[in-house]
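Me: Can you take a look at this one with me? I want to go through cysteines, charge pairs and surface.

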Amino acid sequence: MLKNLLSPFCRTNKNYSKFLKINISNDVINNYFLFSKSVCSFEEERVVYLNHLENDDKGIIELVMNRTAKKNAISKQFLAEFEESLDIVNNLDPNDARVLILKSTRGGNCFCAGADLTERKGMSPSEARAFVKKLRASFTQLEDLPIVTIAAIDGVALGGGLELSLACDLRFSGSSSKIGLTETSLAIIPGAGGTQRLPRIIGMAKAKQLIYTSKILTPQKAEEIGLINEFKDQEFGAEDLAIETARQIKKNGPIALRAAKTAINCGMQMDKTSGLTLEETCYQQVLHTQDRLEGLKAFAEKRKPEYKGN
């Protein structure tokens, strides 16, 4: 029963070999039931769910957006399930969660088209303000996850959809992507972190140009200006790149990866001297781990290390 509640029904997702199987606190289960009764019936699919990969890919988790008929537009239900999924990932054992990939189910030619404007149209100004505040907080929650996060942008990533990807560590794109912050064309501004994260990624001048003009970029241009890490010229190229990169990352020490993310993300908000002090602190965190000893031993024995996250 719980397995079905925490992922879409298996009959509609035959491409996935296994769905979420973890121990979850009673609070999370109770919150799920409260959410389900207020937002959707049990008969409806979830629009955001988690998929744990298996075997050699254990430790890689997919956060799947499953509302392709609406271009994965961010509705109240979408946001509630998104936040719940992040809470679950954040409380997993390090060996069960090393890399998180955000992606869409195939078939809709979209990553995320941003806010659900049909739903937004029916909101009062105060309701819209509260929703955007919650959306901004959820993207910050994604950004603050201790594990590596990757956005696989296959298809449209506009407005809030691009802001979602900006909260990830890495972004990859396929050939069908259309990428941009288009809010000023709707007489609003990016409100879920776009005005702050985009300049930090591509620089202030280019960020201003993109936001002021609402220009939509091709994946080639997005890669050229550093908005995405890499582009693959095929329909689902982003998903392929994301999996390939996640496999490379998960081979490395999980404690070291978390320490490196902390050093980079927090250090970028400091002056260089303070950042170097933070780096030293993070380095101290890995010195006394069993993983560090395992890495040295494996190197001496000319074999692949087996990191346990301790």
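Reply: What follows goes through those topics in turn. This is a predicted model, where local features need pLDDT of at least 70, side-chain atom pairs count only at pLDDT 80 or more, and totals for chains, interfaces and linings use all residues. Residues are numbered from 1 along each chain as its sequence is written, and side-chain values use heavy atoms, with hydrogens and water left out.

Me: OK. How many disulfides?

Reply: The count is 0, a disulfide being a pair of cysteine sulfur atoms within 2.5 Å.

Me: Why no bond for cysteine 110?

Reply: Because the closest cysteine sulfur, in cysteine 112, is 7.8 Å from the sulfur of cysteine 110, too far for a bond.

Me: And why none for cysteine 266?

Reply: Its closest cysteine sulfur belongs to cysteine 282 and is 7.3 Å away, so that is too far for a bond.

Me: Are cysteine 110 and cysteine 266 buried or exposed?

Reply: Cysteine 110 is buried, at 2% relative accessible area. Cysteine 266 is partly exposed, at 36%. Buried means under 20% relative accessible area, exposed over 50%, and partly exposed in between, with a 1.4 Å probe and protein chains only.

Me: Switching to charges. How many salt bridges?

Reply: The whole structure has 14 salt bridges, each a side-chain nitrogen of Lys or Arg within 4 Å of a carboxyl oxygen of Asp or Glu.

Me: What does aspartate 57 pair with?

Reply: Aspartate 57 pairs with arginine 247, with 2.9 Å between the closest N and O atoms. Aspartate 57 is in the loop between strand E1 (48-52) and strand E2 (60-65) and arginine 247 is in helix H10 (residues 237-250), so the salt bridge ties together parts 190 residues apart in sequence. Helices (H or I, at least four residues) and strands (E, at least two) are DSSP runs, numbered from the N terminus.

Me: How accessible are aspartate 57 and arginine 247?

Reply: Aspartate 57 counts as buried at 14% relative accessibility, while arginine 247 counts as partly exposed at 41%.

Me: Which residues does lysine 232 bridge to?

Reply: Lysine 232 forms a salt bridge with aspartate 240, closest N and O atoms 4.0 Å apart, and one with glutamate 244, at 3.6 Å. Lysine 232 sits in the loop between strand E9 (230-231) and H10, and glutamate 244 lies in helix H10, 12 residues apart.

Me: Which residues form a network of salt bridges?

Reply: Glu62, Lys103 and Glu239 are linked in one.
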